[in-house]
Amino acid sequence: MTIPIIELRNVHKTYSTVAGDFPALKDINLSVNTGEFLGVVGKSGAGKSTLLNMINGVDGLSSGEVLVYANGQRVSVHDLNEDEKALWRGRTMGVVYQSFQLLPMLSLIENITLPMDLAGNFKPRESRERAMELLRLVELEEHAGKLPAFVSGGQQQRVAIARALANDPDILVADEPTGSLDSVTADHIFDVFSHLVADRGKTIVMVTHDMGLKSRFTRYLTITDGELEPPSVEDSKPKRSRKK
Ligand SMILES: Nc1ncnc2c1ncn2[C@@H]1O[C@H](COP(=O)(O)OP(=O)(O)OP(=O)(O)O)[C@@H](O)[C@H]1O
Ligand SMILES: [Mg+2]
């Protein structure tokens, strides 16, 4: 059974720049079902981060609509005001930003407990224990007390992943979450994501410029110059035959 959890309807995003208007997303229509691990692949500048920012409401759209069905609610994301959006996002969606966006004055573990304390789903003691578990999951527990500036970019990225999982959200949207990781660590993160989808019923939308990762998603789409395309027939053939 397919149950839609995210729907984009005729989404356009135009950036206004000194050089004029730039259409970064052109009439995007997309339905993501519960329990999908959807990959969106595309070259640099294709519009991947812009697309994720439309789904999580971090940036406003120019026209169209984004609907999210989660926590028993149907939410039109861009109809919420900023406070409502922040609260809704905290409860519904974990976000891994391309630039990590850890808070520099907080230790790694505090970066993870903060969203839990804001959402109020866990008592402070529980949130610390859970944050430690998440740090263990991304193999960073021995660095819990350090500030972000004192760990590597790849380690910061793993903290950003742990933080996105803090409130156990139904949906994870992740922008190049393995971009700074070595292949072994990236594999481990993929395993963690696959487990969340297959065993916990979570839904993940992940963007990457690494075309080599396509086969690891339950479905993938290509974005080119702000337009979404399904996989070519040639591309989807080997995957289908492998599954038989
Ligand atoms: N704030 C902005 N103002 C103006 N143009 C922007 C802005 N953000 C992005 N763009 C432009 O929109 C297009 C899509 O950008 P986006 O960041 O979504 O690409 P991307 O696919 O995520 O690229 P990358 O793989 O390099 O992260 C690019 O041409 C970019 O230059
Ligand atoms: Mg990007």
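How far is an oxygen atom of ligand 1 from an N or O atom in the side chain of S44? In this predicted model, the two atoms are 2.6 Å apart. The legends below begin with the surroundings of ligand 1 and then turn to other parts of the chain.

**Figure 1. Polar side chains beside ligand 1.** The view shows three side chains, those of S44, S49 and Q98. An N or O atom in the side chain of S44 is 2.6 Å from an oxygen atom of ligand 1. For S49, the distance from a polar side-chain atom to an oxygen atom of the ligand is 2.8 Å. For Q98, a polar side-chain atom likewise lies 2.8 Å from an oxygen atom of ligand 1. The ligand taken alone exposes 640 Å², and the protein buries 64% of that area.

**Figure 2. The shell of residues around ligand 1.** Ligand 1 is surrounded by 14 residues, and the closest are S44, G45, K48, T50 and Q98. By character, the shell divides into 4 nonpolar, 7 polar and 3 charged residues. Strand β1, strand β2 (20-33) and helix α1 each contribute at least two residues to this shell. Helix α1 gives the most, with 3 residues.

**Figure 3. A salt bridge between strands β1 and β4.** Side chains of opposite charge can pair when their charged atoms come close. In this view, E65 and R9 are joined by a salt bridge with an N to O distance of 3.9 Å. Because E65 belongs to strand β4 (residues 63-70) and R9 to strand β1 (residues 4-17), the pair ties together parts that are 56 residues apart in sequence. E65 has a relative accessibility of 27% and therefore counts as partly exposed. R9, at 34%, also counts as partly exposed.

**Figure 4. A salt bridge between a loop and strand β1.** D59 and K13 form a salt bridge in which the closest N and O atoms are 3.5 Å apart. This pair links distant parts of the chain, since D59 lies in the loop between α1 (48-55) and β4, K13 lies in strand β1, and 46 residues separate them. Is K13 buried or exposed? K13 is buried, with a relative accessible area of 9%. Its partner D59 counts as partly exposed, at 26% relative accessibility.

**Figure 5. A salt bridge within helix α2.** K85 and E82 pair in a salt bridge, with 3.2 Å between the closest N and O atoms. Both residues lie in helix α2 (residues 82-92), and their separation of 3 residues is about one turn of the helix. K85 has a relative accessible area of 5% and is therefore buried, whereas E82, at 55% relative accessibility, counts as exposed. Elsewhere, salt bridges that share partners join E7, R9 and E65 into one network. The count of salt bridges in the model comes to 10.

**Figure 6. A nonpolar patch on the surface.** Which residues form this patch? The patch consists of L103, L114 and L118, which together have about 280 Å² of accessible area. L114 is placed in helix α3 (residues 108-119). With a relative accessibility of 31%, L114 counts as partly exposed.

**Figure 7. The surroundings of T185 in helix α6.** T185 is part of helix α6 (residues 183-200). Its relative accessible area is 11%, so T185 is buried. The side chains of T185 and D182 make a polar contact of 2.6 Å. T185 and E139 are 46 residues apart in sequence, and their C-alpha atoms are 9.2 Å apart in space.

**Figure 8. Two residues with positive phi.** D27 has a phi near 50°, a positive value in a residue other than glycine. D27 is found in strand β2 and, at 38% relative accessibility, counts as partly exposed. F100, which is also not a glycine, has a positive phi near 70°. Where is F100 placed? F100 sits in the loop between β6 (93-96) and α3. With a relative accessible area of 12%, F100 is buried.

Methods. Residues numbered from 1 in each chain as written. Chains lettered and ligands numbered in written order. Predicted model: local features only at pLDDT ≥ 70, side-chain atom pairs only at ≥ 80, totals over all residues. Heavy atoms only, no water. Patch = residues over 30% accessible without salt bridge, like charges linked within 9 Å, V, L, I, M, F, W, Y side chains within 5 Å. Areas by Shrake-Rupley, 256 points an atom, 1.4 Å probe, with all protein chains shown as cover. Salt bridge = Lys/Arg side-chain N within 4 Å of Asp/Glu carboxyl O. Helix = DSSP H or I, 4+ residues; strand = E, 2+ residues; numbered from the N terminus. Buried < 20%, exposed > 50% of the residue type's maximum accessible area, 1.4 Å probe, protein only. Near = heavy atom within 4 Å. Polar contact = N/O pair within 3.5 Å; in protein donor to acceptor, adjacent residues only side chain to side chain. Nonpolar A, V, L, I, M, F, W, Y, C, P; charged D, E, K, R; others polar.
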